[in-house]
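Please find below a few notes on the model, set out as numbered points. They deal with packing between helices, with contacts between chains and with contacts between domains.

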Amino acid sequence: MSTDPNQAVACRTVDAEERSLLGRVLDRIADHCRARSLFVLHYCTGCGAIELPPTMTSRFDLERVGMQPMVTPRQADILLITGYLSVKTLKRVVMTYEQMQGPKYVIGLGSCTINGGMYWNSYATIKLLDRYIPVDNYIAGCMPRPEAIQQVFLDLMGRIDRGEAQAWKDYYRRYDWYLGQQQQLFGTNWQAPTDVVGEAIRYRLVGEQTLGSHTAHLERYAPYYDQLGIIRPEPARMKARPQLEVVSR
Amino acid sequence: MDFTHLFVELVLMPLIAFLVGLVMVLMLRKVRAKIERRIGPPLLQPLYDIVKLYSKKTQVSHGPMHEIAMMVALGGVIAMEVFLPVPGLNGLAEKGDLIVLIYLMMIPSLGLALGVGACANPNGSIGISRALTAMVAYDIPLMIVVAGVALFHGTTSLPEIIAAQQAGGMSTWGIVQTPVLALGGLIAAYAMLGKEPFEIYVAPAEIATGPMVEMSGKFMGTLFVMQCFQLYAVGVLYTTLFLGGGEYWISFLPKIFAVVFIPLAMTNVFPRYKTEDVLKWMWKWAGGFALAGLALVVMK
């Protein structure tokens with residue numbers, strides 16, 4: 001034991017994340033249930049949607065491990081993104097992702113979400129999905145077989161069960177960085193309907209990089225971040241053309 | 001009946017309803033899985049879903065009305081359970097009767113309509129208008145069936161109806177005495193479950209689950225709990241009216257599971273009706289059988 005008085009047990013500062021014994025037991029039960037009940041929202045505008053019916057239906061039957069498809073982002077836990085995303089569909093993915101309720105998980109399916117895949121030379125598609133939203137698991141391949149999809153689901157379930165799949169908190173803690181990446185593509189007038197900063201304050205997930213130079217662009221839509229509520233766009237300012245910055249790829 | 005006894009019954013009845021309802025939800029999903037030649041979910045799956053939904057860490061609420069209305073809807077189904085007599089537990093069934101029960105059965109849909117209205121999602125609005133249309137479709141045959149049963153037994157009290165049916169064994173059951181009414185009632189009960197082909201207000205591929213579209217986390221969990229209560233309530237109501245209620249749980253539980261199983265076994269092979277077709281079909285066939293049954297009761 002340390003002899004330094006500042007290190008003595010009575011003087012230690014309590015970690016904000018620390019939970020009581022009962023809290024830890026409840027967390028354990030909740031994580032156990034979360035891992036066994038995952039509702040999947042498919043975002044299948046790219047290719048690869050054809051691999052999912054055999055995964056879900058009688059050939060491999062994902063309901064055995066408690067997974068079932070859901071149709072709206074509000075109800076879903078997993079956002080499964082198959083194949084490439086164009087800049088235009090990425091906007092919808094970000095909006096969808098922000099509408100989901102935490103804990104939420106993102107799985108990128110196929111090479112296109114990892115490095116652009118066969119669309120590497122395309123000016124219209126993104127290269128790496130986790131620059132724009134936090135991704136829990138990737139499935140490499142073009143296309144991955146249902147066995148690979150299942151393996152990743154099982155891996156994700158294991159990590160949720162152990163309480164390790166916390167990537168969704170990263171979006172709140174480093175929102176400024178994610179927003180900056182999004183603004184590089186969409187321009188600084190980009191804003192999604194969900195007030196992420198307000199949610200981060202509400203759920204105590206504010207990190208050092210939650211606010212920054214990029215979220216400053218949002219302040220014209222929500223002048224007071226300490227007051228919760230929906231960001232309301234001002235019509236006059238929305239008319240200004242977005243200043244697209246040139247992105248070096 | 002003293003107060004303590006009543007209090008114990010009021011706590012026990014919804015609790016039993018919830019537990020039996022969980023098993024019914026499991027049966028619902030297992031039956032669907034078996035028909036599709038899948039293995040289906042594990043035994044505790046309904047519980048996992050509910051615990052998971054209640055332990056979501058963020059939550060979107062669309063104003064006070066959204067929250068109050070969900071409590072109204074859940075309160076409606078819980079209130080319904082204490083008016084449904086089960087073996088050994090009568091609850092408030094002796095004080096209220098069939099008419100009260102029918103009123104209470106409308107509360108969940110109306111509560112949901114208030115809450116979904118606060119969400120301001122167009123899919124939700126379409127969904128809830130369809131849900132209320134479906135209610136009109138199955139409530140009219142159901143009311144005729146209930147009137148027929150009440151006329152036949154000369155009372156609207158559920159314990160008395162059960163006692164009359166249990167007087168002579170199986171031959172005095174409602175399904176033997178008034179088979180046409182029972183058929184009309186079964187079709188109405190099927191529509192009350194809201195499964196295909198009467199699934200107009202959920203319609204995941206068309207209006208994205210309708211009323212549930214904006215429900216996240218705890219609201220969705222409340223809806224899952226409500227589903228347990230509603231499956232149980234439909235089973236118990238039909239058993240009470242036509243299958244002689246229950247003297248013992250051992251004979252009562254198979255009956256209520258059988259009532260819920262019949263629609264579930266059929267539902268998986270159907271697509272979905274259009275809204276106006278549900279109305280036409282229900283009034284024509286369920287309403288027709290119910291009216292014919294009522295006529296037979298009156299002529300007797």
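1. To begin with helix packing in this predicted model, α5(B) and α12(B) are roughly parallel to each other, because their axes cross at roughly 5° and angles under 35 degrees count as roughly parallel. The helices concerned span residues 122-153 (α5) and residues 275-299 (α12) of chain B, and their axes come within 9 Å.

2. As for the composition of that helix pair, the contact of α5(B) with α12(B) is made up of 20 nonpolar residues, together with five polar residues and one charged residue.

3. Turning to the interface between the chains, 20 residues of chain A are in contact with 29 residues of chain B. On the side of chain B that touches chain A, α2 (45-54) and α10 (217-242) each contribute at least two residues, and the largest share, five residues, comes from α2(B).

4. Which classes of residue make up the side of chain B that touches chain A? That side divides into 13 nonpolar residues, eight polar residues and eight charged residues.

5. Within chain A, the domain assignment gives domain 1 as 19-165 and domain 2 as 174-242. The contact between them takes ten residues from domain 1 of chain A and nine residues from domain 2 of chain A, and the side of domain 1 that touches domain 2 comprises six nonpolar residues, one polar residue and three charged residues.

Technical notes
Residues numbered from 1 in each chain as written. Chains lettered and ligands numbered in written order. Predicted model: local features only at pLDDT ≥ 70, side-chain atom pairs only at ≥ 80, totals over all residues. Contact = placed C-beta atoms within 7 Å. Helix = DSSP H or I, 4+ residues; strand = E, 2+ residues; numbered from the N terminus. Nonpolar A, V, L, I, M, F, W, Y, C, P; charged D, E, K, R; others polar. Axes fitted to C-alpha atoms, helices over the stretch in contact; angles between N-to-C directions. Parallel < 35°, antiparallel > 145°, perpendicular 65-115°, else oblique. Domains from an automatic or database assignment.
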